[in-house]
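Student: I would like a close look at one part of this protein: its charged side chains, and how they pair up or sit on the surface. Please also show me a few spots elsewhere in the chain for contrast.

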Amino acid sequence: MSDHSGDTAATLGGTIETRSIDYVPEDERHGKVRDQGPFWFVGNFQPFTVAIGFVGPALGLSLGWTVVAGILGIFFGTLFMAFHASQGPVLGLPQMVQSRAQFGYRGVVLALIGTLFTYVGFNVVDVVIIKTGLHSIFGWNAAVIAVVITAVATLLAIFGHDLLHLSFRVLFWLSLPLWAILTWGVVFGHAGGDAGAATGGFTLLAFIAQFSVAASYNITYAPYVSDYSRYLPRNTRTSAIVSAVFLGASASPVWLIPVGAWMATRLGATDALAGIHDAGNSVVPFLGSVLALVATLVLVATMGLNAYSGMLTVITGIDSFRKVTPSRRIRVVTVLALAAVWLVLSLLFTDSTTVLNTTLLIMLYLLVPWTAVNLTDFFFVRRGHYAITDLFTPDGLYGMWSWRGMTAFFAGIVASVPFMVLPFYVGPIAAALGDVDVAFAVGLAVSGIVYWVLSRSLDLDTEERFIEDSEATLAVEETPAHG
């Protein structure tokens, strides 16, 4: 499935990952399930998460209702993300390569477009949050900040999986005590703010908007969560990995979204980093300044995740039309190209709240139909049984274009359009509901049901023979390749 000749681990001390879209054999599997929780905890332990808490107050929602909507949304979105994490150990593949089973060898490009928009969109918003925040706090040049953090994130993505995991472990212990002190200050009234400030009330429109943005936050991790679990042993228990990822990925937003809502309602904050800086310095001198910098580092590391998985997505797309050999060269070129795109776009935007809200909603509309199809296939149709070698074969079991997955995907998007609410478009049914946006729920249900119904005609007995042949081939290939 891949040729690593001339691509030995000796380069740069063996720190650049050799695998990309190819299968990870059992003898290269490493890591512990217990590391997945802290990894995804830190992934959300940053200013972007704080900014999620700004959405409700900006629409007139009170602090209390913002917290309720945000937490419910996080739980909803994380559930899907966590179940996708279980696919990594079973298949040993990046998430989007596995999606060829539902969409076809080339048909998967439909899903790749949506996921690539997600990765680039996240990094655009991340750069906007960082450059505007650090400029506001320290007066640093916004363009220079954007270039520097883009360079750091690019290097993390190039070096790959293990360096990303290591960076997140270090940042976990660096961030935890700082956020704990800030939160203590907020709870006990030492973080400043006006307790008597107008705090809004309740409207269904604002509540649903806050819920949707929070739900989309972790649903948008779904296309690449298994990219960071695919090195775990194949016999990893599903319940263990799902629990670890769910607890880790939901715990930090449940912590920081209320902090963000407090900053928005009590400090009048519209910039996450500036709010962290002001509140922290009120608790302990210079705490806010230090925390703003550490939080920036976490956000930059998360940009590395987006760039890494964006690279996997682009290579998968290219490979779907022209066979490529996974190598360090194509990894570097692809990451650099993605970095150039998100850097240019991020320099064009200055309003992080508006960009964040709109970007997350578009991501949600595009990704919910995909996640419905993928999870329905994995857990209810094929039940985790795939011919892995055929995922790399254009004329293999899954075909070039899989009409079932494509039909279900488009059905979900089309069904959700009348329910969408965006700054530039409001669907007719959404308008009749008072601009309440339930498009993601419609897309999720329609795509999942349509795919399940269409998949009733699959010949799973025949597929089982392909799976047996695939397992036999993998058993032969799983010999030390980098010795």
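Tutor: Here is a tour of the charged side chains, followed by some other spots. Keep in mind that this is a predicted model.

Start with the total. A search of the whole structure finds nine salt bridges. Let us take some of them in turn.

One joins E28 and R19. Their closest N and O atoms are 2.7 Å apart. Both partners, E28 and R19, are buried.

Next comes the pair R234 and E471. Their side chains meet in a salt bridge, at 2.9 Å from N to O. This pair links distant parts of the chain, with the two positions 237 residues apart. R234 lies in the loop between α11 and α12, while E471 lies in helix α20. How open is each partner, buried or exposed or in between? R234 has a relative accessible area of 29%, so it counts as partly exposed. E471 has 27%, so it is partly exposed too.

Now look at K323 and D319. They also form a salt bridge, and the closest N and O atoms are 3.9 Å apart. That falls inside the 4 Å cut-off for a salt bridge. Here the two partners sit in unlike surroundings. K323 is partly exposed, because its relative accessible area is 48%. D319 is buried, because its value is 2%.

Salt bridges can also share residues. E17, R230 and R331 are linked in a network of them.

Go back to helix α20, the home of E471. This helix covers residues 460–477, and D469 is found there as well. D469 belongs to a negative surface patch. The other members are D459, D461, E464 and E468. Why does D469 count as exposed? Its relative accessibility is 52%, and the exposed class begins over 50%.

The surface has a nonpolar patch too. W65, V68, L72, F202 and L204 form it, with about 460 Å² of accessible area together. Helix α4, residues 63–85, gives the largest share: three residues. F202 comes from another place, the loop between α10 (161–187) and α11 (204–219). With 43% relative accessibility, F202 is partly exposed.

Now step inside helix α12, residues 238–267, and find T265. T265 is buried, since its relative accessible area is 8%. A polar atom of the T265 side chain lies 2.8 Å from the backbone oxygen of A261.

Past that helix, the loop between α12 and α13 holds A269. At 14% relative accessibility, A269 is buried. A269 and A279 are 10 residues apart in sequence, and their C-alpha atoms are 10.0 Å apart.

Turn to the backbone. Most residues other than glycine have a negative phi. Two residues here have a positive phi instead. F286 has a phi near 75°, and R383 has one near 50°. Where do they sit? F286 is in the loop between α13 (272–283) and α14 (287–319). R383 is in the loop between α16 (352–381) and α17 (403–416). F286 is exposed at 64% relative accessibility. R383 is exposed at 56%.

The loop between α16 and α17 also contains T393. T393 is partly exposed, at 28% relative accessibility. T393 and S320 are 73 residues apart along the chain, yet their C-alpha atoms are separated by 9.4 Å.

Conventions
Residues numbered from 1 in each chain as written. Predicted model: local features only at pLDDT ≥ 70, side-chain atom pairs only at ≥ 80, totals over all residues. Heavy atoms only, no water. Patch = residues over 30% accessible without salt bridge, like charges linked within 9 Å, V, L, I, M, F, W, Y side chains within 5 Å. Areas by Shrake-Rupley, 256 points an atom, 1.4 Å probe, with all protein chains shown as cover. Lys, Arg positive; Asp, Glu negative; His and termini not counted. Charge placed at Lys NZ, Arg CZ, Asp CG, Glu CD. Helix = DSSP H or I, 4+ residues; strand = E, 2+ residues; numbered from the N terminus. Buried < 20%, exposed > 50% of the residue type's maximum accessible area, 1.4 Å probe, protein only. Polar contact = N/O pair within 3.5 Å; in protein donor to acceptor, adjacent residues only side chain to side chain.
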